[in-house]
Amino acid sequence: MSKILIRGAKVLGGEPQDVLIDGETIAAVGTGLEADGAEVVEAGGKVLLPGLVDLHTHLREPGREDSETVLTGTRAAARGGYTSVFAMANTFPVADTAGVVEQVWRLGQEHGYCDVQPIGAVTVGLEGAKLAELGAMHESAAGVTVFSDDGKCVHDAVIMRRALEYVKAFGGVIAQHAQEPRLTEGAQMNEGVVSAELGLGGWPAVAEESVIARDVLLAEHVGSRVHICHLSTAGSVEIVRWAKSRGIDVTAEVTPHHLLLTDELVRTYNPVYKVNPPLRTERDVMALREALADGTIDIVATDHAPHPHEDKDCEWPAAAMGMVGLETALSVVQETMVDTGLLNWAGVADRMSVKPARIGRATDHGRPVSAGEPANLTLVDTAYRGTVDPAGFASRSRNTPYEGRELPGRVTHTWLRGKATLVDGKLT
Ligand SMILES: [Zn+2]
């Protein structure tokens, strides 16, 4: 196997060091390393992180290959510095059987850009009525440990309780899309001053917070593990903080867009800003940043939600909800968390690699950058500033809210078990 010597990289943002990759493994980390015949990558002070892990990606295959495929989505992931993504279950057919999750897992293996860990549906057809074959999906080749009806909420308390009880036996986790369905009927945006002025149906914060409150109590009651998808309100932060202080086994994620954008943008009526949960207020954004910094929110997850042009480029009420995120996530986190002094690069590695890998039991990922570990790595030019141009995306979809916005940071190299998937910003 080939050797690669990464010279002068700031590992987790620390002092420059050399990192030697031998085959699939990190062979050595130190200064003044030499290796005969190794391919040399001059890092020149770029930051080296463990390969990023996204616990919340929509790859759309099978069924909506017009918006994304496992191939295009994992190429987008590699461009964003990811070496592992968890693929949500709301495909067509739904990933609610061992057959579908194995198909998605195999496609990821075949393409080789990024490990794909399928998420299994909690209920058959995401219909919320009957538990899916959680055990069969766990025992399949895909080894599913995370289950979610994301896109929909597991709103029935008895079903949620049963699911939590079921996955407890094998250390699985239920990832909840917290949205009380009755409180969000006809919702088009965050309920507040802006929705009142625009006359658009509101998605109240309490629709998210009430489900989170119920689910942390259910997790406590059955002694199981719950993960809250895309927290978006200051009140949700308070509930998770309370639950953690009580010792409840809860983890939570925030998306990059909820760390940066607010519902003021809806005034443009540009459906690129339409997303579920909706963009909230400045006060919520600040509470989410603070909670990510202090660890109340465990991880950043993209909720990468590709949609074809025709599903987004229409009137606001008719437009699909969601934004692509894999190729801009790290830049948004640098802008909102690092450049603001809230988090250092070690903190970014923790929130975007170590912790998501731990929550999803992706044992090859989120490892320390040290000898003997799998060479899943990403190299970031943190001094770079550039304008987001979706024409350069590897994703099949272009629905980014950052088009034309200047953001810091650029992933230049990604290695998946020692194999370069991205070199000098170009996919291999
Ligand atoms: Zn969701």
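This is a short tour of a predicted model, moving from the zinc site to two sheets and then to some backbone details.

**Stop 1: the zinc ion**

Begin by selecting the zinc ion together with Asp150, His177 and His230. These three residues coordinate the zinc ion through OD of Asp150, ND1 of His177 and NE2 of His230, at 1.9 to 2.2 Å. Along the chain, the donors of the zinc ion follow the spacing D-x26-H-x52-H. His177 and His230 link distant parts of the chain, being 53 residues apart. To place them, colour the loop between E10 and strand E11 (189–190), where His177 is found. Then colour the loop between strand E13 (226–228) and helix H7 (234–245), which holds His230. Are these two histidines, His177 and His230, buried or exposed? Both His177 and His230 are buried.

**Stop 2: the sheet of five strands**

Strand E13, just before the loop with His230, leads to the next selection. Show E9, E10, E13, E14 and E15 as a cartoon. These five strands form an open sheet in the order E9-E10-E13-E14-E15, and the pairing is parallel. Which strands lie at the edges? They are strand E9 (146–147) and strand E15 (299–300), and each of them pairs on one side only.

Now zoom in on the E9 edge. E9 is joined to strand E10 (residues 173–176) by two bridges, and E9 and E10 run parallel. Select Phe147 and Ile174 to see a bridge pair: Ile174 in E10 is the bridge partner of Phe147.

**Stop 3: the sheet of three strands**

Next, select E6, E7 and E8. They make up an open sheet in the order E6-E7-E8, again described by parallel pairing. E6 and strand E8 (115–118) are the edge strands, each pairing on one side only. Look along the sheet to see the turn between its strands: on average, neighbouring strands are turned by 20° against each other, direction ignored.

How many bridges connect strand E7 (residues 82–87) with E8? There are four, and the two strands pair in the parallel sense. Select Phe86 and then Gln117 in E8, which stands opposite Phe86.

Add helix H12 (residues 345–360) to the view. H12 lies across E6 and E7, and runs at about 55° to E6.

**Stop 4: two cis peptide bonds**

Stay with E6 and follow the chain onward to Pro62. Pro62 sits in the loop between strand E6 (52–57) and helix H1 (70–79). The bond between Glu61 and Pro62 is a cis peptide bond, with omega about 5°.

For another cis peptide bond, select Asn276 and Pro277, where omega is about -5°. Pro277 belongs to the loop between helix H8 (256–260) and helix H9 (282–294).

**Stop 5: two residues with positive phi**

Remain in the loop between H8 and H9 and select Tyr269, which is found there. Although Tyr269 is not a glycine, its phi is positive, about 55°. Its relative accessibility is 41%, so Tyr269 counts as partly exposed.

Finish at Arg417, in the loop between strand E17 (406–416) and strand E18 (419–423). Arg417 is not a glycine either, yet its phi is positive at about 45°. With 22% relative accessibility, Arg417 counts as partly exposed, because buried means under 20%.

Definitions and conventions:
Residues numbered from 1 in each chain as written. Predicted model: local features only at pLDDT ≥ 70, side-chain atom pairs only at ≥ 80, totals over all residues. Heavy atoms only, no water. Pairing = 2+ DSSP bridges. Buried < 20%, exposed > 50% of the residue type's maximum accessible area, 1.4 Å probe, protein only. Donors = N, O, S within 2.8 Å, 3.2 Å for Na, K, Ca; no water. Axes fitted to C-alpha atoms, helices over the stretch in contact; angles between N-to-C directions. Contact = heavy atoms within 4.5 Å.
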